[in-house]
Amino acid sequence: QRRETMVPLCRGCSMSDTFLTRDTEHPPIPAAARDCVSTCSSSTHCTGTSLAVARFLTNTRRKSVCFVNPSGSALGELSRAAKRMSLTITSSEEQNVGSIVRLIKAIEPPLELPPPSPHVVCGEAPPSPHGLCGEEQNVPRTPAPPARSVSFNTQEVVKAVRRVVSDSSERPSLTEDGTGGVYLIRESSDGVPLPPVAVFKPADEEAGSENNPRGLSEHVMREGFRPGGGAVRERVAYKLDRGFAGVPRTALESLLLRSKTGKHLTEQCGSIQEFVGDAVGDASEFRFDGSEFDEAQSQRLSVLDSRLFNCDRHEGNVLVTGARGGGGRRGIVPIDHAFCLPAFGFFREAEFTWRYWASAAVPFGEEVLHHVASLDVDADVEAARAAGLGESPCATLRVCTTLLKRLLGGSRAGRATPRDLSEALMREEYDRPSTLERLCARALGLLDEGGELSDAGLVEFVQAEAARRGEEYAPPLEFYARLEEAMREEYL
């Protein structure tokens with residue numbers, strides 16, 4: 001099993017959910033990461049392991065964090081941290097990965113709820129051929145995987161949410177985890193709460209926003225993202241997925257919410273996403289190698305994340321359903337897409353937990369290959385633009401979809417795997433640009449064939465161009481022709 005050093009990148013305090021280590025006493029810390037040491041549990045020298053633990057503790061969204069093949073010194077450091085911070089530490093050996101050490105936060109017991117009512121939204125009404133606000137879905141939907149069964153359309157979710165909010169004299173409950181405002185919209189019967197109808201995330205309460213309810217108005221975002229842009233990206237992810245990977249139905253709407261005192265109403269715009277009622281947990285509660293998950297659904301997830309350049313696909317953002325898919329394995333549902341499609345050029349922080357799953361080594365089947373071949377890049381970019389996404393992240397979508405089609409098409413079609421996608425999009429080492437970054441640099445004329453690209457070479461170019469133009473940078477049209485030529489040379 002190949003071992004490598006992956007120190008968490010502190011740019012914007014975005015940590016990788018998994019840390020691969022090798023037998024080195026003190027893994028190097030990137031300069032950007034050293035800037036964050038002052039916020040860690042120790043203000044003195046901080047190794048990659050202790051930095052990872054410190055950032056895990058300060059991230060309320062994470063319930064657990066994994067370390068793959070830790071050295072003896074790293075294991076000792078993890079044991080001391082677990083004892084000091086009252087964390088649960090577990091260790092296991094997995095055939096496809098190696099030694100897995102997991103730190104787990106103490107979790108409050110879940111609220112006991114009555115069984116889901118089949119009439120919470122609209123009973124057994126069949127899905128409508130219309131999407132949000134009656135818009136026609138012209139693109140045929142891929143048949144839903146066995147683990148997912150949706151009996152209502154997006155507009156009906158919105159109507160149900162508005163009914164619940166208008167009938168309530170209180171503000172919806174804020175979830176315990178998360179960095180922004182995340183509200184569960186639920187009805188009640190005789191004072192007893194029913195299962196949630198949907199999840200509402202106001203755009204003006206995202207991390208880094210002035211109205212953030214968790215005191216994170218000063219929170220530094222991941223690079224390539226701005227506060228308030230997550231709600232649009234949630235909607236875009238749903239529209240582009242079209243049921244293929246199972247992104248829950250998502251709308252971008254305004255709601256009149258009660259103030260904390262219940263005396264005033266405030267209109268807030270944000271994403272409304274269908275609540276996944278059949279989830280039994282998230283991927284962090286199952287085998288690290290993903291061998292319990294349906295293989296076909298796992299591979300669909302890899303295609304979605306590669307198209308969107310997802311910077312936040314950690315285990316907590318993969319829900320696991322109780323229904324069994326192919327081979328008796330569990331279904332999965334991708335959620336939380338606020339950190340997908342960064343501005344063009346900010347390609348240093350892709351995060352794919354499925355990279356370590358057993359299914360990542362299996363070549364894609366005909367279903368996935370047909371889906372990727374049918375993708376219309378221009379139509380997808382137009383759909384994302386119409387949903388409110390800016391030109392720079394739209395350029396990211398165009399670049400990533402083009403690379404996906406190149407990797408899964410032609411002579412590579414029968415042998416391409418999800419791991420091939422992760423190796424093209426993710427950095428193998430924290431300060432070594434990925435294949436995608438190098439290809440973009442070549443197409444922009446920043447890198448000669450055989451030349452070396454610095455850690456921040458592409459980002460610095462994009463930032464300089466944005467400062468000169470006064471807006472986020474999007475490459476010119478001729479860039480894409482040069483990019484395709486560079487891809488052809490890279491993947492003959």
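**Exercise 1. How many disulfides does a search of the whole structure find?**

Let's work through the cysteines in this predicted model.

Step 1. The cut-off: two cysteine sulfur atoms have to sit within 2.5 Å to count as a disulfide.

Step 2. Try Cys311. The nearest cysteine sulfur belongs to Cys340 and is 8.4 Å away, and Cys311 is in no disulfide. Cys311 is also buried, at a relative accessible area of 3%.

Step 3. Now Cys400. Here the nearest cysteine sulfur is that of Cys440, 7.9 Å off, and again there is no disulfide. Cys400 is buried too, with a relative accessible area of 2%.

Step 4. The search over the whole structure comes back with zero disulfides.

**Exercise 2. Work out the strand order of the open five-stranded sheet, then find which helix packs on it.**

Step 1. Walk across the sheet: the order is E5-E6-E7-E9-E8, with antiparallel pairing.

Step 2. Look for strands that pair on one side only. Those are the edge strands, E5 (173–174) and E8 (250–258).

Step 3. Zoom in on the E5 end. E5 pairs with E6 (residues 183–189) over two bridges, in the antiparallel sense, and Leu174 stands opposite Tyr183 in E6.

Step 4. Now the helix: H5 (residues 230–241) packs on the sheet and touches E7 (192–202), E8 and E9 (265–274). The direction of H5 makes about 140° with that of E8.

**Exercise 3. Put the sheet in the context of the chain: how many helices and strands are there?**

Step 1. Count them up: 13 helices and twelve strands.

Step 2. Check burial: 55% of the 492 residues count as buried.

Step 3. Turn to the surface. The chain exposes about 21400 Å², and carbon and sulfur atoms supply 50% of that.

Key:
Residues numbered from 1 in each chain as written. Predicted model: local features only at pLDDT ≥ 70, side-chain atom pairs only at ≥ 80, totals over all residues. Heavy atoms only, no water. Pairing = 2+ DSSP bridges. Helix = DSSP H or I, 4+ residues; strand = E, 2+ residues; numbered from the N terminus. Contact = heavy atoms within 4.5 Å. Axes fitted to C-alpha atoms, helices over the stretch in contact; angles between N-to-C directions. Buried < 20%, exposed > 50% of the residue type's maximum accessible area, 1.4 Å probe, protein only. Areas by Shrake-Rupley, 256 points an atom, 1.4 Å probe, with all protein chains shown as cover.
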